[in-house]
Amino acid sequence: PIITQEPYLTNIFSSMARGYLRLLLAIAAVASPASAVSASGAAGGVIDPRFFIAGGTCAAISHGITTPIDVVKTRMQSNPDKYKSLLPATATIIKEEGAQALTKGLVPTLVGYGIEGALKFGIYEVSKPLAVLAFQRLSNKLNRSGGAGPLPFFFASIMAGAVASLVLVPMESTRIRMVTDASFEGIGLLRGLGKLVDEAGLLQTLTVGLGAMLAKQVPYTFGKQVSFDVVAKFLYGILNNPSQSTASFAETVSKSVSPEFIKWTVSVLSAMVASVMACLMSQPGDVILTETYKGGEGDATKKRGLAEVSSTIFARNSDDGVALALTGFFTGLQARFVHVGMIITSQLVIYDLVKQLLGLPATGSH
């Protein structure tokens, strides 16, 4: 009943996913023509709109509730001389602009990350079985024994992050300008997007900074999705298939704790590990993204490429040595650990809860 309430969105998500899955079918066809037929038959069964619904729900909620921290983090990255650390920066913003300044960019965050989360989680989940199948067929053709390990998950996460980046580019550009550029003060999402189009044109608004977005989103998606999968499967493996050393522990847990609590605990622990991995892997890309989109420095329509932005960040501390120059890519890490930790932990827990409410198994439990 929940799914049929949104048939229009379901059709959109399913159509986008089917188009993406053709790429995986092509990979399978390279390994073996028979694999393409098998994968094609599997595609209809694995495109489940519930993954898209759960992903969009958890992403919108988790990014929305952490908007104030994101505002502070963005200010620290765009103006590190003024906003030096998390708590003093927060106090400065509230003192100078009022507490409402911490909600700047909330609407583009909800819209952008809601759509992005639906695509990212949905494409990742429906891609995994086809990626596994493609690697299995390729291994058989090359006469190699053993599984592919996490490689199918790796490729599924890369493609999911890349597709989601296309959606996020205009939304994230608008959000960052609303936080860092006084000329965007007090305007909403639609007016902000319109202002960007007036400044740079439609094509540039939709694509500018795509390299920076990919630099952030691809490692972020890999660190989050794959870590969550692997850690959850590892924990369920300890409980469901314990070794001699862990058998007594697993038996004690199964007798004293309800299955629902076990699922919740596994989700939280896995999400916490995933948040650390995703934050560390995507921090340089996040700094590059903010530097790319921030306004107030010359002509805002003349956006720089990935290499130029990276060189600018590196050059700020290059006189003090390479090591200190590289620390520029980790500006705002303290605030982002709090921000991303809250986002991913809450996001993945909500994702697992929504999945189970929609009749899907918990991550790693099957």
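Rings of Phe, Tyr and Trp count as a pair if their centres lie within 6.5 Å. With that in hand, F135, F154, F155 and F222 come out as one aromatic cluster in this predicted model. A search of the whole structure turns up five aromatic pairs. One of them joins F154 to F222, with the ring centres 5.0 Å apart and the planes at 90 degrees, and since planes over 60 degrees apart count as edge-to-face, that is the label this pair gets. The pair ties together distant parts of the chain: F154 sits in helix α7 and F222 in helix α10, 68 residues apart. Neither ring belongs to a buried residue, because buried means under 20% relative accessible area: F154 is at 29% and so counts as partly exposed, while F222, at 23%, is partly exposed too.

Stepping back to the whole fold, the protein is built from 15 helices and zero strands. Of its 366 residues, 49% count as buried. Contacts reach a long way along the chain: taking those between residues at least 6 apart in sequence, 78% join residues at least 24 apart. The accessible surface adds up to about 16,700 Å², and carbon and sulfur atoms account for 66% of that.

Inside, the largest nonpolar core holds 32 residues, and the ones with the most contacts within it are Y124, Y220, I344, L348 and Y351. Helices α3 (49-65), α6, α7 (151-180), α10 (210-240), α12 (259-293) and α15 (333-357) each give two or more residues to this core. The largest share, eight residues, comes from α15. As for I344, once its neighbours within four places in sequence are set aside, its contacts are Y220, K224, A271, A274, S275 and A278. There is also a second, separate core, made up of 14 residues, with Y113, V169, V287 and L289 among them.

Nonpolar side chains turn up on the outside as well. L106, V107, L110, V111 and I115 make a surface patch, together offering about 330 Å² of accessible area. V107, one of the patch residues, is found in helix α6, which covers residues 106-141. Its relative accessibility is 45%, so V107 counts as partly exposed. Helix α6 is thus on both lists, because it also gives two or more residues to the largest core, where buried residues are joined through side-chain atoms within 4.5 Å.

Conventions:
Residues numbered from 1 in each chain as written. Predicted model: local features only at pLDDT ≥ 70, side-chain atom pairs only at ≥ 80, totals over all residues. Heavy atoms only, no water. Patch = residues over 30% accessible without salt bridge, like charges linked within 9 Å, V, L, I, M, F, W, Y side chains within 5 Å. Areas by Shrake-Rupley, 256 points an atom, 1.4 Å probe, with all protein chains shown as cover. Salt bridge = Lys/Arg side-chain N within 4 Å of Asp/Glu carboxyl O. Helix = DSSP H or I, 4+ residues; strand = E, 2+ residues; numbered from the N terminus. Buried < 20%, exposed > 50% of the residue type's maximum accessible area, 1.4 Å probe, protein only. Contact = heavy atoms within 4.5 Å. Phe/Tyr/Trp six-rings, centres within 6.5 Å; stacked < 30°, edge-to-face > 60°.
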